[in-house]
Amino acid sequence: MAERARGGAERADEDVVQLLKRQHQEIRDLFAEVEAASGQGRREAFGRLVRLLAVHETAEEEVVHPAARRAFPSGDKVVDDRLREEREAKEVLSELDGMDTDDPDFMPTLMALRDDILAHADSEERLEFERLRESTEPHKLVRMAKAVRAAEAMAPTHPHPGTESAARSILLGPFAAVMDRTRDAVRKAMGHDK
Amino acid sequence: MSADLTPLIAATTQWLTRAYAPGDDGALGPALAEAQARQAVTAAAWLRYPTELDAALVMISGPGGSGRLDWLTGADCAAPGAPDEAEHAWRTWVDEVVASWAVCLLTDPDLADATAAAVADCEHAFGLPVRFRRVTAPDERDRRAAPLLRHPDLVAPLAALHRADLLERLGTDHVRAA
């Protein structure tokens, strides 16, 4: 199956709040790593930080914020406030992304971004995540964590077991058509296609 | 939300982001390009394989791989000499139809909205209100990060491969839902 984007202490029964708090900690650690490194090491650490911020923001926006809006009465306002904080941080992030990490303005701008992002993460944890957890069934929170992990998975590094026959069928005709016929036949056989 | 389609979604996303790499020298552009490609691929995959059974079947039979896509786009895989093992491996998980539908969604807001609506209640969503915002309402940063992937002319050959099937599926689903 797909490889994970990062390692870490994830568990199959981890809920989405635990997962996102763990990502917040990774973000804190990466800010410290960028600050401590120099030259190429700083460039690489900053690249990892930017990627994590983009992935984390996407997962929150795709899975967590829509659920929070529905989960508790002031959900819409709480999420809108978080999105406003994020918008401000994203502008600083865009500015930094166009800057060389050796630029004298880089570190002061990075520190400003860190303060904004950590304050935002703190608000999310206190005002959004805890209330989401209080008002959502535990199994749904675990499913949301699975969704976040799926949205961050890397491509597999092993071939599909049926690769050889698939390669041959491309020669026989468009693979998609073969696939559709097979699928239809199996669905009919299993009584799923009325 | 099913993790069953995850390898197909991850590999097809990787194929799209490599074939239409933005050439951005920053770190943010590629990350945002990947995020929106993945949302488009996820929505397309859920539409093509809407049930757990559909997902299980395609994972057994295999999604077909990127062979025809590499040939169509002249992607690096077509270079002389066999691709190395790791490079070959992930390409076997690429789904040609899902890739084609995904670029249709990235270049046509109406299809993006219709697809997001069609998959909102599918089995993969598990009742969660999932939102593919980078596809249905991309902001200026999203558009700037994926100029090639969102360019209708550049993705036209890929979109044309299975666009008719996408239209048919959306039409059929609307009728079925009514």
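## Exercises on a predicted two-chain model

Read along the sequence, chain B runs α-α-α-α-α-α-α-α-α-α. This is a predicted model: local features need pLDDT of at least 70, side-chain atom pairs count only at pLDDT 80 or more, and totals for chains, interfaces and linings use all residues. Residues are numbered from 1 along each chain as its sequence is written, and chains are lettered from A and ligands numbered from 1 in the order in which they are written.

**Exercise 1. Describe the fold of chain B.**

Step 1. Count the elements. Chain B has 10 helices and 0 strands. Helices (H or I, at least four residues) and strands (E, at least two) are DSSP runs, numbered from the N terminus.

Step 2. Check burial. Of the 178 residues of chain B, 54% are buried. A residue is buried if 20 or more other C-beta atoms lie within 10 Å of its own, exposed if 12 or fewer, and partly exposed in between, with C-beta atoms placed from the backbone.

Step 3. Look at contact range. Two residues are in contact if their C-beta atoms, placed from the backbone, lie within 7 Å. Among the contacts in chain B with a separation of 6 or more, 84% join residues 24 or more positions apart.

**Exercise 2. Classify Leu57(B): buried, exposed or partly exposed?**

Step 1. Place the residue. Leu57(B) sits in helix α3 of chain B.

Step 2. Apply the count. Leu57(B) has 17 other C-beta atoms within 10 Å, so Leu57(B) is partly exposed.

Step 3. Take one distance. Ala11(B) is 46 residues from Leu57(B) along the chain, and their C-alpha atoms are separated by 17 Å.

**Exercise 3. Test the length of helix α3 of chain A, then find its partners.**

Step 1. Get the expected span. The rule is 1.5 Å times one less than the number of residues. For the 23 residues of α3 (residues 75–97) of chain A, that gives 33 Å.

Step 2. Compare. The end C-alpha atoms of this helix are 32 Å apart, which agrees.

Step 3. List the buried residues. In α3(A) they are Val78(A), Val79(A), Arg82(A), Glu86(A), Ala89(A), Leu93(A) and Leu96(A).

Step 4. Recall helix geometry. An α-helix has 3.6 residues a turn, so residues three or four places apart point the same way.

Step 5. Name the partners. The buried residues of α3(A) pack against α2 (39–71) and α4 (106–134) of chain A, together with α2 of chain B.

**Exercise 4. Map the contact between the chains.**

Step 1. Count both sides. Chain B gives 42 residues and chain A gives 45 residues.

Step 2. Find the main element. On the side of chain B that touches chain A, α2(B) supplies the largest share, 6 residues.

Step 3. Sort by class. That side of chain B has 22 nonpolar, 12 polar and 8 charged residues. Here Ala, Val, Leu, Ile, Met, Phe, Trp, Tyr, Cys and Pro count as nonpolar, Asp, Glu, Lys and Arg as charged, and the others, Gly among them, as polar.

Step 4. Inspect one residue. Leaving out residues up to four places away in sequence, Met144(A) touches Val16(A), Val63(A), Val64(A), Ala67(A) and Leu128(B).

**Exercise 5. Judge the confidence.**

Step 1. Take the means. pLDDT is the predictor's confidence in each residue, from 0 to 100. The mean is 85 for chain A and 88 for chain B.

Step 2. Find the extremes. In chain A, helix α6 (residues 163–172) is lowest, at a mean of 50, and helix α1 (residues 16–36) is highest, at 97.

Step 3. Flag a weak stretch. Over residues 174–178 of chain B, pLDDT stays under 50, and the model has 0 contacts there beyond four places in sequence.

Step 4. Read the complex scores. The predictor gives an ipTM of 0.84 and a pTM of 0.86.
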